[in-house]
Amino acid sequence: MSEQTVSTAAVQADPLKQTATGVRPISWKYPITYAVLAALAVLFVLTIPAGARTHFRLSSGGDFFEIPLVELPSRPAGWILAVILVALAGLAIWQASRRIRTRLWLPLLFGVLFVLAFLVWAGADRGAVIPLVTMLTGALALSVPLIFGAMCGLVGERSGVINIAIEAQLLAGAFLAAVAASVFTSAYMGLVFAPIAGALVGALLVFFSVKYQVNQIIVGVVLNVLIIGLTGYLFSTALTQNPELWNARQQLPRLPIPGLSQIPIIGPVLFNQTILVYLMYLIVGLLNIFLFRSRWGLRTRAVGEHPKAADTVGIKVNRMRVYNVILGGAIAGLGGAFFTIGQGLAFGKEMSAGAGFIALAAMILGRWHPIGALLAALLFGFSTSLGNTLATIGTPVPSEALLMLPYVITIFAVAGFVGRVRPPAANGTPYVK
Amino acid sequence: MKLELRGVTKRFGSFTANDRISLTVAPGEIHALLGENGAGKSTLMNTIYGLYSPDEGEILLDDREVSFNGPGDAVAAGIGMVHQHFMLIPVFTVTESVALGYEPTRAAGIMDMAVARAKVLEISARFGFDVDPDARIEDLPVGAQQRVEIIKALSRDARVLILDEPTAVLTPQETDELITIMGQLRDSGTSIVFITHKLREVRAVADRITVIRRGAVVGETSPQSTETELAGLMVGREVNLTTAKEPADPGEVSFEVRGLTVLSSADKVVVDDVDLSMRRGEILVIAGVDGNGQSELAQTILGLRTPVAGSILLDDQDLAPLSVKQRLAAGLGFVPEDRSTDGVIGAFTITENYVLDMYDRPPYAGGPGNVALRLPVMREAAQTQAERFDVRMGTVDDPISTLSGGNQQKVVLAREMSRDLRLFVASQPTRGLDVGSIEFVHRTIIEERDKGTPCLIVSTELDEALNLADRIAVMYRGKVVGIVPASTSRDVLGLMMAGVPADEAQAQAATHHTVLAEADEQAEAEENQ
């Protein structure tokens, strides 16, 4: 009968106080990553020949302030950067051991400094100049479609519809932008039609996935194939036969913003752009406000997290999803216009070249948050631009390996290395009453 | 507001869920709708709330006929509903949850959070709810989440409030608080429809009681009726509310869990340093409010989750290195919590479901390497077991999804108990079942115990725990708060379910009786007379 009496052996003094944190293992993956990268930076510096110099060009052709070439003694500059990197890695390790949450500035600062250290090493004593501004401009240009695509994915997935057809929407936008601009001989008309193309693809996606509850991933894949095929067919028929009418090059003019565009380095990169890029800033900013502070945002998130709960307070779940996916499609279509009229190029077959999928990865890496997705897309754009630059100046690292970087980052991101990503709970699930 | 239903009928295909139901709820009245699982209570309420539209009949509010195109219309007409499964979004704050669908906005649809927040605070203050408007829903205990649901309804000026099985997730003390709240609401003129299958609550709370069975109203009565009368009405025959069982005759210790710690997929500790020890021939019920680690504990014993620390020993054999299949072969019987997703495969036949974990070994498989299935042997075994377990079915070749929940559960039990067991683990074995099936499941478990098998049952129903257990272990936030004999009072168990250690709970319960405990005493006194 002894165990029939009240047994308190298993009870700690106060179960309330003893929950969760005590046993959770410390996550060492970030500190280790930082430490490895910092060690790599030290290695870079050690291999720099004595007395070497690295040259940076901090302005491009038509800048207001012409900054002369910056020449740095490679070794001392490298050592300064390496020491700071080691210190940051040390800070990360200390924070992890004390279970202090690492703030966002640490990986950002670490990333920037590491890239600088890398450039100092790569450009040391090669006679080549590292065109920093050109590289950053290139990075932004490569990021623009990714950012638009990620915003498109985000608007759809926050409402619970997986959009794997971003690629198709970008491509459709690029196509119709080129054709409309060519036919009307006005790049701005391209800007009017591009979102329509993307929205139409979005409409097809919701038509099948919301109205007929077809598996959203399958519909997305099919739409990608459909649009690649359709634009490819039209390209090799009408567009190739009569390029003057259908596929003449048109370019959106650059509109430098007075004042802002004259800031050294960032001015020409950020504020000497076309209206399309300014629209992108606006869209990211508005989404960041509206998603978290507006009625539309609250309802969108509710529908994506728990559609039944949204239904019981009178929100039309499927209507909300239809609107959002079409809106997202329009955003991606606009982004597609950057491939053609944004850069003054004619339409080319499959010219989006997988940007839609990288945009999807940026959205996941950015945890379905506009700012996070923006940063992730910029990271992808920058690593591609870095690869391009290094390919031209010639470095000890094969440039192909660097061009692979965005995809490697994507795999790690999607595999959950950047922490447990939490998608909207009802993402991909059709809502049936 | 007065709510009246006249001949409301709702069909799903050939199945009539509600059959000409008529009902009147007077203003400022708590009207209990009593019926067992599957009687059609929730369907009826979803019809009133505009989630379903009735096939026949009419709904009247203050004598005026209304028809709803969706919950939005019902809410606008003054009907509020607290669903059995809360309609709350875990990542939202309390303010966001309350505002959703009725957001106060400024220009361009930007929300006016100050107004929304003030509304939450105002209603909280009016009814003495202690709810932080900025807390995230997922961080709140279930009782508080329920109060958020009530605030939600009240913020839209609900004058008829439907509470669907509101006590299912509460501890007895939380239930007590809910009863007080219901009283306050009634006094302020709100009509309340209180849906439940628990007889004790109905008698303590309701002004009037309508009993429904198989979709139809079978009677209207007053709370003065005895529990036996109500049970008879609800089930349609005389029922034994408690299952008769001999006292346990525990043998030697055969199953032990030591220092078991399990993390969730989000790296939260869900089972926290749990120690259990079970003897042959005893039933240990793990009680506790849903979501305190019981399900994860059961899953870990089966091998679906890998613990980060601790060991599981069955007759001194460490189960840790064994796969699920090997554990089943070692004599573990397991009834999962969610019958429809984990217990059976709906599209498979009864036979196929019956052999689901034995299909690859004799006598059900043969030939070299047991590659061939012996279908006739399977059918015959399924047929025999189905008869033994009283499964009501067409043939064993029907898809199992054509059976009622109770009969599906009997197939699961037949499967798990057809092997020689050294340990039987069941998670929520009677969830969603009708009274008849519940009796059957309980009897079957007791028979298994009497054969000498240690039975570990996870149950969130306190009634079930008290009815079935030889000992009760209460879990709270992943920890075993204490292990107490089955004769422990509800009040003590309720406090333990809120994390109060057993001895302290006993001291507290001695001075503070819950309303239901007092009602119980009264009922006992009446029956004795």
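## Cysteines and the absence of disulfides

Cys152(A) counts as buried in this predicted model, at a relative accessibility of 1%, and Cys455(B) is likewise buried, with a relative accessibility of 0%. A disulfide is a covalent bond between the sulfur atoms of two cysteines. Over all chains, the structure holds zero disulfides, and this count covers Cys152(A) and Cys455(B) along with the rest of the chains.

## Confidence of the prediction

For the model as a whole, the scores are an ipTM of 0.81 and a pTM of 0.83. Within chain B, the average pLDDT is 90, and 99% of the residues reach a score of at least 70.

## Salt bridges in chain B

Counted over all chains, there are 41 salt bridges in the structure. One of them is formed by Glu29(B) and Arg208(B), whose closest N and O atoms lie 3.0 Å apart. Glu29(B) sits in the loop between β2 (15–25) and β3 (30–34) of chain B, while Arg208(B) belongs to strand β9 (residues 208–213) of chain B, so this pair ties together parts that are 179 residues apart in sequence. The two partners can also be described by their accessibility: Glu29(B) counts as buried, at 8% relative accessibility, whereas Arg208(B), at 25%, counts as partly exposed.

Another salt bridge joins Arg449(B) to Asp450(B), with 3.0 Å between the closest N and O atoms. Arg449(B) is buried, its relative accessibility being 2%. This pair is part of a network in which salt bridges that share partners join Lys245(B), Arg449(B), Asp450(B) and Asp470(B).

A further salt bridge is found between Arg361(B) and Asp360(B), where the closest N and O atoms are 3.9 Å apart, a distance that still falls within the 4 Å cut-off used for a salt bridge. Here Arg361(B) is partly exposed, at 25% relative accessibility, and Asp360(B) is partly exposed as well, with a relative accessible area of 24%.

## A four-stranded sheet in chain B

Which strands make up the open sheet of chain B, and in what order do they follow one another? The order is β12-β11-β14-β15, and the pairing is antiparallel. At the edges of this sheet are β12 (269–279) and β15 (317–318) of chain B, each of which pairs on one side only.

Between these edges, strand β11 (residues 253–263) and strand β14 (residues 309–314) of chain B pair in the antiparallel sense over five bridges. To follow this pairing at the level of single residues, one can take Val257(B), whose bridge partner in β14(B) is Ile312(B).

## A nonpolar patch on chain A

On the surface of chain A, Leu204(A), Phe207(A), Phe208(A), Tyr212(A), Val214(A) and Leu226(A) make a nonpolar patch of about 510 Å². The element that gives the most to this patch is helix α6 (residues 187–211) of chain A, which supplies three residues.

Phe207(A), one of the residues that make the patch, is found in helix α6 of chain A. At 38% relative accessibility, Phe207(A) counts as partly exposed, and this value is over the 30% relative accessible area that a residue needs in order to be part of a patch.

## Backbone details in the loops

Where in chain B does the cis peptide bond between Pro362(B) and Pro363(B) fall? The bond that joins these two prolines has an omega of about 5°, and Pro363(B) has its place in the loop between α12 (350–354) and β17 (365–366) of chain B.

Positive phi values are also found in residues other than glycine, and Glu350(A) is one such case, with a phi of about 50°. Glu350(A) lies in the loop between α13 (317–336) and α14 (355–365) of chain A, and it is partly exposed, with a relative accessible area of 46%. In chain B, Arg477(B) is not a glycine either and has a positive phi near 50°. Arg477(B) is found in the loop between β21 (471–476) and β22 (479–485) of chain B, where it is partly exposed, its relative accessible area being 36%.

Terms used
Residues numbered from 1 in each chain as written. Chains lettered and ligands numbered in written order. Predicted model: local features only at pLDDT ≥ 70, side-chain atom pairs only at ≥ 80, totals over all residues. Heavy atoms only, no water. Salt bridge = Lys/Arg side-chain N within 4 Å of Asp/Glu carboxyl O. Helix = DSSP H or I, 4+ residues; strand = E, 2+ residues; numbered from the N terminus. Buried < 20%, exposed > 50% of the residue type's maximum accessible area, 1.4 Å probe, protein only. pLDDT = per-residue confidence, 0-100. Patch = residues over 30% accessible without salt bridge, like charges linked within 9 Å, V, L, I, M, F, W, Y side chains within 5 Å. Areas by Shrake-Rupley, 256 points an atom, 1.4 Å probe, with all protein chains shown as cover. Pairing = 2+ DSSP bridges. Disulfide = S-S within 2.5 Å.
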